[in-house]
Amino acid sequence: MLNFIWQWILYLNEPIHVANIQRHFGLERKESPTFKNSTQCATTNGHSTPTDKVKEVSTSSSDGESSESDLDPQHYVIHNYYWYWIFKFGTTLGEEIFYASVFPFWFWNIDGAVGRRIINIWALSMFIGQSLKDIVCWPRPQCPPVIRMENKWALEYGMPSTHAMVSVTVPFSVILLTANRYEYPVYIGVAIAFTWCVLVSTSRLYLGMHSVADILGGLALAALLLPVLLPLVDTLDAFLLTHPAAPGLLITTTVTLMLLYPGSKFSSAKEDTAVILGSSMGLQLGGWICFQMGSIRGPPIKPPYSIIWPSYEMLGLCLLRTIIGLITVVATRAVAKSVSYATMRRVVSTLRNRDKLTKEDAQDVELFVKLGSKLLTYAAIGIDVVCLAPAAFRFLNIERPTFHTEI
């Protein structure tokens, strides 16, 4: 039985399935390095007029050791731009830039209590997924035959797909955490969550970044984690928000998780994990600070709550809060990045003066500096999102009315 399952996993991991999916949705490889005089071009007055737009990308293998086929430029024709832009949008729903915008927006304009719980689920599931990538060490689909349309995560391993994981954990946790808190048609939320999940997952196949096995592995892992994490988030949030020892425990746990992360060398997955854990730590620390200062307190009435549909004035204030908040985030990142890097360098300098470091030790020190500065920088951003930006809103009298009732 186990051998049968393993054979199916290996079968689903074959790159030919991804290549077939790409061809089905209108992607075609151009083997020739140029397409002059090809059937895809028409000649008009001596000028080539492509009938299909052609893009060129260079790729590298996911394990950091590029094969010859990976280093050759890939030429491909996009026959159907409808699917191209649908899947480009879909993959954006699972990327850091999207969550870096949506999470602050949620805290500033919707519901901080739900936001903190979602952050806990997101951070824990992403840590598990990223760690498994560097344990399983399965490379991304081989190209050719696959057309790899992104280079951003090319140096990461593929199993499990964290895009697929987050396409389950985030939208479905939103539905499950708000279904009994607000009065709204839950079936609409479930339909949106399913659409979100399918769109993000299939986009990773279309872009050639994951095998079918990677996607199914990420979906299955998220489906297993969500029922485990959801019952814990209320108790965890109450503890992190109110307990005097919460800050120390948060910092200790975050550093411990980074030290336990598999592999002693640098990887882009490890760097992303430092960003995720740093952001989560900062958001929770910011919540604890706000609670201690009296900015967060229990709701005056018990849920479920009626949804307040925004007026034009509310929409304007929402936009204003978002713009001002993002300005504070950018400023905080710039300052925290410089200060944290200088701080980590000072720590390293002290260690070097005290101990004579070998070449291998020096590499470990560089990794320590890079990951440490990432943790500190994004922790500062998290504190800004939950604590400093809302303080600016209160000063300007544009604070969201329900900010004081978020437990």
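**Exercise 1. Which residues of α8 are buried?**

Solution. The model is predicted: local features need pLDDT of at least 70, side-chain atom pairs count only at pLDDT 80 or more, and totals for chains, interfaces and linings use all residues. Residues are numbered from 1 along each chain as its sequence is written, and side-chain values use heavy atoms, with hydrogens and water left out.

Step 1. Helices are DSSP runs (H or I, at least four residues), as are strands (E, at least two), numbered from the N terminus. Helix α8 covers residues 186-206.

Step 2. Buried means under 20% relative accessible area, exposed over 50%, and partly exposed in between (1.4 Å probe, protein chains only).

Step 3. The buried residues of α8 are Gly189, Ala193, Trp196, Cys197, Leu199, Val200, Ser201, Ser203, Arg204, Leu205 and Tyr206.

**Exercise 2. Compare the span of α8 with the expected one, and state what follows the helix.**

Solution. Step 1. The expected span is 1.5 Å times one less than the number of residues.

Step 2. α8 has 21 residues and reaches 30 Å from its first C-alpha to its last, close to the 30 Å expected.

Step 3. Gly208 follows α8 and has a positive phi, near 75 degrees.

**Exercise 3. Describe how α10 and α11 are arranged.**

Solution. Step 1. The axes of α10 (residues 246-260) and α11 (residues 268-292) come within 10 Å and cross at roughly 175 degrees. Axes are lines fitted to C-alpha atoms, for helices over the stretch in contact, and angles run from 0 to 180 degrees between N-to-C directions.

Step 2. α10 is therefore roughly antiparallel to α11 (over 145 degrees; under 35 is roughly parallel, 65 to 115 roughly perpendicular, the rest oblique).

Step 3. Residues in contact (heavy atoms within 4.5 Å) include Leu250 and Ile251 of α10 and Leu277 and Trp288 of α11.

**Exercise 4. Classify the ring pairs Trp6–Trp138 and Phe25–Phe87.**

Solution. Step 1. Rings of Phe, Tyr and Trp (its six-membered ring) pair if their centres lie within 6.5 Å; planes under 30 degrees apart are stacked, over 60 edge-to-face, the rest tilted. The whole structure has 16 aromatic pairs.

Step 2. Trp6 and Trp138 are edge-to-face, at 5.9 Å and 65 degrees. Trp6 lies in α1 and Trp138 in the loop between α6 and α7, so the pair ties together parts 132 residues apart in sequence. Trp6 is partly exposed at 41%, while Trp138 is buried at 16%.

Step 3. Phe25 and Phe87 have centres 5.1 Å apart and planes at 85 degrees, so this pair is edge-to-face.
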